[in-house]
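Good morning, everyone, and thank you for making room for this short talk. Please keep the sequence and the structure in view while I speak.

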Amino acid sequence: MSDRFRLVIVGGGIAGLALATRLGNSMGRSGKLDITLVDKGFSHVWKPMLHCFAAGTARNENDRITFVSHAAGHGFRFCYGEISHLDRAARRLTLAPLREQDEDEVILEERHVDYDALIFAIGSRANDFGTPGVKDHCIFLDNVVEANNFNERFRHAVLQAYGRGTPLDIAIVGGGATGVQLAAELHKALDIGSLYNFTPTTPEMRITLLEAGPRILPSFPEKVSEEARQQLEALKISVRTGAMVSGVDEKGFILKDGSRVDAQFRVWAAGVKAPDVTREMDGLECSRGGQLVVKPNLQTTLDDRIFAVGDCSFIAESPLPPTAQVARQEAHHLAKYLPQWIVNQTPVPPFKFNNKGAIVALGNYNGWGAFADGKTFGGGALHGLSARLGHTALYRQHQFELYGVPRGAIACLTDWLDRFVRPSVRMD
């Protein structure tokens, strides 16, 4: 049995995989640290691209990173499983049994993973706020499996619309970046599909974006919100603000004012909450949204051996937005200071967030960026080219960080060459 310090990271998203990769390269390969990454999926994708996978304008075969092969090359181990219980006294995680999908047959029994230090990086989910019917009648886009399921249904529905000459109705709840970008990306997918001369006429796709607040993209300056609204409306996407959803049924959304928005596709992309499993973490303190409450140095308030980063963590003294930028910086912070905490018990200093702004890209149609001081860029005559290139640059930065420069460059080249042999939108 190894006497190395056992570090377990739960969650292979932006924060979890970046942290495992950095610590694996610095301490795992040399044998100084035993690192295990636990995730309920087999591969990683950059979450800000999920709307592209859902629309079929990106093929995640090229954009996902397989945990097993990545772990082998970067000095850590991968363990497939979903956490079901935490025993803080024994320093032990319990992983739920793995079952055949929709069947009772157990493929893999309940397992245990022991740790000396534990880091939760399990991300977040859309928040239904207890709205009746959402779980039963809405589609969520919180991970690549849900995005792929949406895309399969979307392609079948488009095929039916082409064949029958009937319109396709889609309603999206949530005027944040996910909902706004998904609306534009779906329109882009149908635009591209129409170029393949499938039928003489392109079917009508009617998209409605529902936002409970007074404007879409509330985290951006008001100027960006208004210009984004105008762009969506120019694409014939109906944008309804002040539209509070009070219920959902098999036909559509019921609004608080009693009106309805019927749609074949009902997508819920509103709100953010931590996965429900955080409530089962052996008494660890949670926020109202289920996030694990942490100190400024990212240690949980009730157990210094447990940390939380990214969307599943909540710094009570200075709350931060649940964004990829925050998750990435928190991972880098722990990657820098955890080695000395492990080896010499040197305290991890408080995390300081460096807000570099935000970018939103509406397909090929437009895009905007906003700096921390409120200044904006993008939009205008070039259709937001600078903002859209900035969004792509962030993704490439993520690839280079995980792959390294040589493999990152090869990934970019492969994506570029792939455009010459594959259609621009997923057709199969």
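I will begin with the whole chain, then go through some strands, and end with the cores and a few single residues.

What you see is a predicted model, in which local features need pLDDT of at least 70 and side-chain atom pairs count only at pLDDT 80 or more, while totals for chains, interfaces and linings use all residues. Residues are numbered from 1 along each chain as its sequence is written, and side-chain values use heavy atoms, with hydrogens and water left out.

Let me start with the chain as a whole. For 428 residues, a compact globule would be expected to have a radius of gyration near 22 Å, and the chain agrees with this, at 22 Å; the radius is taken over C-alpha atoms, and the globule rule is 2.2 Å times the number of residues to the power 0.38. The C-alpha trace spans about 70 × 50 × 50 Å along its principal axes. Of the 428 residues, 50% count as buried, where buried means under 20% relative accessible area, exposed means over 50%, and partly exposed lies in between, with a 1.4 Å probe and protein chains only. The chain has 11 helices and 25 strands, which are DSSP runs numbered from the N terminus, helices being H or I with at least four residues and strands being E with at least two.

Now to the strands, where two strands pair if DSSP finds at least two bridges between them. Strand β21, residues 303-308, pairs in the parallel sense with strand β11, residues 117-120, over three bridges, and isoleucine 119 stands opposite phenylalanine 307 there. β21 also pairs with strand β20, residues 299-300, this time in the antiparallel sense over two bridges, and a hairpin of two residues joins β20 to β21. Threonine 300 has aspartate 303 in β21 as its bridge partner.

Elsewhere, three strands form an open antiparallel sheet in the order β15-β16-β17. Why does one side of β15 and of β17 lack a neighbour in the sheet? Both stand at the edges, each with a single partner strand, so one side of each is left free of a neighbour. Between β16, residues 252-255, and β17 there are three bridges, and glycine 252 has aspartate 262 as its partner in β17.

Turning to the interior, the largest nonpolar core has 57 residues, and Ile119 and Phe120 are among those with the most contacts inside it. A nonpolar core here is a set of buried Ala, Val, Leu, Ile, Met, Phe, Trp, Tyr and Cys residues joined through side-chain atoms within 4.5 Å. A second, separate core of 49 residues includes Phe154 and Val267.

Histidine 70 lies in helix α4, residues 67-73, and is buried, with a relative accessible area of 2%. Beyond its neighbours within four places in sequence, histidine 70 is in contact, meaning heavy atoms within 4.5 Å, with residues including Leu17, Phe76 and Leu402.

Finally, a word on backbone angles: most residues other than glycine have a negative phi. Lysine 236, in the loop between α8 and β14, has a positive phi near 65 degrees, and leucine 298, in the loop between β19 and β20, has a positive phi near 80 degrees. Which of these counts as exposed, and which as buried? Lysine 236 counts as exposed at 73% relative accessibility, whereas leucine 298 counts as buried at 0%.
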